[in-house]
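Work through the exercises below with the sequence and the model at hand. Each task is followed by a solution in steps.

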Amino acid sequence: MQFSDLYQPISDVAYSKAANIKLLICDIDGVFSDGRIYLGNNGEELKAFNTKDGFGIKALINSGVQVAVITGRHSQIVQQRMTSLNVQHIYQGQENKLQAYDTLKQALDLQDEDIAYIGDDGPDLPVMQLVGFSVAVNDAHPLIKRVAHYTTMLPGGFGAVRELTDLIMLAQGHSLGTTGTST
């Protein structure tokens, strides 16, 4: 099965970059979620996550690619969701995402070309300019789309992460559909 049979055409360059990925780093708001934050009268915060994205993350981890999140906000909801998906590297409250990126890259002994990053807005730009494979969600800010090697067909919070995990897995020769677990 080819990626373009499932989603959209992709350049040979982007596909070859996906084949070399050892670590996927994701932003949260606008990528794993649709970017909206629901606040209750008592200060509680709610976010919606797509189970398809969760399945894709688990499948990618099971295929041998590590996953991390770097987000500017801090939320117990994010901690719970990422922990439930077996994400081992969770960096929250990171206004300067480059610091977390450098720490993670050194800790895992990786090079920029080994890393993919998916983002949607300005705070993601510095990391996206460094990684080997930068991805923008479909509804990302236009500046982010300009620097991305690939822009997803799907918007943030509605399967964009799953689209990217499918791309990486297919580019690396893995099958889709059965390597994740309940999300």
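**Exercise 1.** Determine whether P155 is buried, partly exposed or exposed, and place it in the fold.

*Solution.* Step 1: the relative accessibility of P155 is 27%. Step 2: buried means under 20% relative accessible area, exposed over 50%, and partly exposed in between (1.4 Å probe, protein chains only). P155 is therefore partly exposed. Step 3: P155 lies in the loop between β8 and α8; helices (H or I, at least four residues) and strands (E, at least two) are DSSP runs, numbered from the N terminus. Step 4: setting aside neighbours within four places in sequence, P155 contacts V137, N138, D139 and A160, where contact means heavy atoms within 4.5 Å. Step 5: the C-alpha atoms of P155 and A140 are 7.9 Å apart, at a separation of 15 residues in sequence.

A note on the basis: this is a predicted model, in which local features need pLDDT of at least 70 and side-chain atom pairs count only at pLDDT 80 or more, while totals for chains, interfaces and linings use all residues. Residues are numbered from 1 along each chain as its sequence is written, and side-chain values use heavy atoms, with hydrogens and water left out.

**Exercise 2.** Describe how α2 and α8 pack.

*Solution.* Step 1: the axes of α2 and α8 (residues 160-171) are 7 Å apart, at an angle of about 80°. Axes are lines fitted to C-alpha atoms, for helices over the stretch in contact, and angles run from 0 to 180 degrees between N-to-C directions. Step 2: α2 is thus roughly perpendicular to α8 (under 35 degrees is roughly parallel, over 145 roughly antiparallel, 65 to 115 roughly perpendicular, the rest oblique). Step 3: on the α2 side the contact has Y15, A18 and A19, and on the α8 side L167, I168, L170 and A171. Step 4: by class these are seven nonpolar, no polar and no charged residues. Ala, Val, Leu, Ile, Met, Phe, Trp, Tyr, Cys and Pro count as nonpolar, Asp, Glu, Lys and Arg as charged, and the others, Gly among them, as polar.

**Exercise 3.** How many salt bridges does the structure hold, and which parts does the bridge of K22 and D114 tie together?

*Solution.* Step 1: a salt bridge is a side-chain nitrogen of Lys or Arg within 4 Å of a carboxyl oxygen of Asp or Glu; the structure holds ten. Step 2: K22 and D114 meet at 3.9 Å, N to O. Step 3: K22 is in the loop between α2 (12-19) and β1 (23-26) and D114 in the loop between α5 (97-107) and β6 (115-119), so the bridge ties together parts 92 residues apart in sequence. Step 4: K22 is partly exposed at 46%, whereas D114 is buried at 12%.

**Exercise 4.** Classify the ring pair of F3 and Y150.

*Solution.* Step 1: a pair of aromatic rings is described by the distance of the centres and the angle of the planes. Step 2: rings of Phe, Tyr and Trp (its six-membered ring) pair if their centres lie within 6.5 Å; planes under 30 degrees apart are stacked, over 60 edge-to-face and the rest tilted. The count comes to two aromatic pairs. Step 3: for F3 and Y150 the centres are 5.9 Å apart and the planes at 70°, so the pair is edge-to-face. Step 4: F3 is buried at 2% relative accessibility, and Y150 is buried at 5%. Step 5: F3, Y7 and Y150 form one aromatic cluster.
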